[in-house]
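Please open your viewer and have a selection tool ready. We will take a short walk through the helices, one stop at a time.

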Amino acid sequence: MTSDIPDYGKTFALMREGCVEQWQAYIQHDFVKGLADGSLPEEAFIHYMVQDYVYLIHYARAWALGVVKAESSEEMRLCAATVDSLINQELSLHVETCAAQGIDESSLFNAKEELETIAYTRYVLDSGLQGDFLDLILALAPCAFGYGEVGMRLKGSLYDGHPYEKWIKIYAGEEFQNVCVEVGRLVDLAIATRVGDNPTASPRWNKMQERFTKATELEANFWTMGLRAGK
Ligand SMILES: Cc1ncc(CN)c(N)n1
């Protein structure tokens, strides 16, 4: 990181710059502020974690669709590795946190979806079903990059006995940061092979930015849904 913006590749820098207002609404949301200073009500956090489990299940399905839509073995490998990391690593945080509250994994898997969860996950899946690999990957990217950036920002807020220490350490941790770097590499590769080295000059650029921006807005909406339970 040269500034406080992490280096997740060229596309991340361009896309983030192309939707600064929506990006700030995402990474500086009140939910994130509550996570940072520990003031987020536990009820809101658990409500969010249950919905986020459901979100990650569909999100992993969308990455699996990436394996189907990939156009090279390298793209396939990177998508398959992300599915593995989501199902076998990130979800453990949700399973363990919710188990401590008496919520078992089958209850998580069968949890009733909030409208914001449906809107975001189905938007991402539809991007892949309706479009090509690039459409899919641009709808998937803000999820990784945003949590990576939030994790890096929040690690400086930790104090002894911080209630959300585990969550912050997962997203600031090396494993998750590596996922963000790999996703950044995948997005850069996907763009370079399909639209060339000067993507902003491509007639496709505006539509590509639109996908990234829409997913970013749906991320902010997802935090807002989380906050509802704490009110
Ligand atoms: C809604 C959402 N967006 C992103 C992440 C990080 N994978 C997440 N767990 N949940």
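Start by selecting Leu138, which counts as buried because 26 C-beta neighbours lie inside 10 Å and 20 are enough for that label. Bear in mind as you look around that this is a predicted model. Leu138 is found in helix α8. Setting aside residues up to four places away in sequence, Leu138 touches Met208, Arg211 and Phe212. Now add Ala215 to your selection: the C-alpha atoms of Leu138 and Ala215 are separated by 8.3 Å, although their positions lie 77 residues apart along the chain.

**More stops on α8**

Stay on the helix and select Pro142, also found in α8. Is Pro142 buried or exposed? With 29 C-beta neighbours inside 10 Å, Pro142 counts as buried. Show its contacts next: leaving aside neighbours within four places in sequence, Pro142 is in contact with Phe212, Ala215, Thr216 and Glu219. Phe212 may look familiar, for Leu138 touches Phe212 too. For a distance to try in the viewer, draw a line from the C-alpha of Pro142 to the C-alpha of Leu93; these two are 20 Å apart in space and 49 residues apart in sequence.

Now go to Leu136, which lies in α8 as well. Leu136 counts as buried, since 27 C-beta neighbours fall inside 10 Å. Which residues does Leu136 contact, leaving aside its neighbours within four places in sequence? Select Ala62, Leu65, Gly66, Lys69, Ser127, Gly128 and Gly131 to see them. A second line to draw runs from Leu136 to His29: their C-alpha atoms are separated by 25 Å, and the two are 107 residues apart along the chain.

Move along to Met152, another residue whose place is in α8. Met152 is partly exposed, because 19 other C-beta atoms lie within 10 Å and 20 or more would be needed to call a residue buried. The C-alpha atoms of Met152 and Tyr53 are separated by 22 Å, with the residues 99 apart along the chain.

**Where α8 packs on α9**

Met152 also leads to the next stop, as one of the α8 residues that meet helix α9. Select residues 165-172 to display α9; α8 and α9 pack with their axes 7 Å apart, at an angle of about 120°. That angle makes α8 oblique to α9, and α8 passes α9 in a left-handed crossing. On the α8 side, colour Tyr147, Gly148, Val150, Gly151, Met152 and Leu154; on the α9 side, colour Ile168, Tyr171 and Ala172. What classes of residue make up this contact? Seven are nonpolar, two are polar and none is charged.

**Over to α2**

Next, select residues 20-27, which form helix α2. Trp23, Tyr26 and Ile27 are the buried residues of α2. They cover an arc of only 80° around the axis, so they sit on the same side of α2. As background for this view, an α-helix has 3.6 residues a turn, so residues three or four places apart point the same way. To see what covers the buried residues of α2, show α1 (10-17), α3 (30-37), α8 (133-154) and α11, which are among the elements that do so.

Keep α2 on screen and focus on helix α11, residues 205-228. The axes of α2 and α11 come within 8 Å and cross at roughly 30°. That makes α2 roughly parallel to α11, and their crossing is left-handed. Highlight Gln22, Trp23, Ala25 and Tyr26 in α2, then Thr213, Thr216, Glu217, Glu219 and Ala220 in α11, to see where they meet. These contact residues divide into four nonpolar, three polar and two charged.

**Last stop: α1 and α10**

Finally, return to α1 and add helix α10, residues 174-195. Their axes come within 7 Å and cross at roughly 85°, which makes α1 roughly perpendicular to α10. Select Lys10, Thr11 and Phe12 in α1, and you will find them meeting Gly184, Val187, Asp188 and Ile191 in α10. By class, this contact has three nonpolar, two polar and two charged residues.

Conventions: Residues are numbered from 1 along each chain as its sequence is written. This is a predicted model: local features need pLDDT of at least 70, side-chain atom pairs count only at pLDDT 80 or more; totals for chains, interfaces and linings use all residues. Axes are lines fitted to C-alpha atoms, for helices over the stretch in contact, and angles run from 0 to 180 degrees between N-to-C directions. Helices (H or I, at least four residues) and strands (E, at least two) are DSSP runs, numbered from the N terminus. Angles under 35 degrees count as roughly parallel, over 145 as roughly antiparallel, 65 to 115 as roughly perpendicular and the rest as oblique. A crossing is left-handed if the near helix is turned anticlockwise from the far one by less than a right angle, and right-handed if clockwise. Two residues are in contact if their C-beta atoms, placed from the backbone, lie within 7 Å. Ala, Val, Leu, Ile, Met, Phe, Trp, Tyr, Cys and Pro count as nonpolar, Asp, Glu, Lys and Arg as charged, and the others, Gly among them, as polar. A residue is buried if 20 or more other C-beta atoms lie within 10 Å of its own, exposed if 12 or fewer, and partly exposed in between; C-beta atoms are placed from the backbone. The arc is that of the directions from the helix axis to the C-beta atoms.
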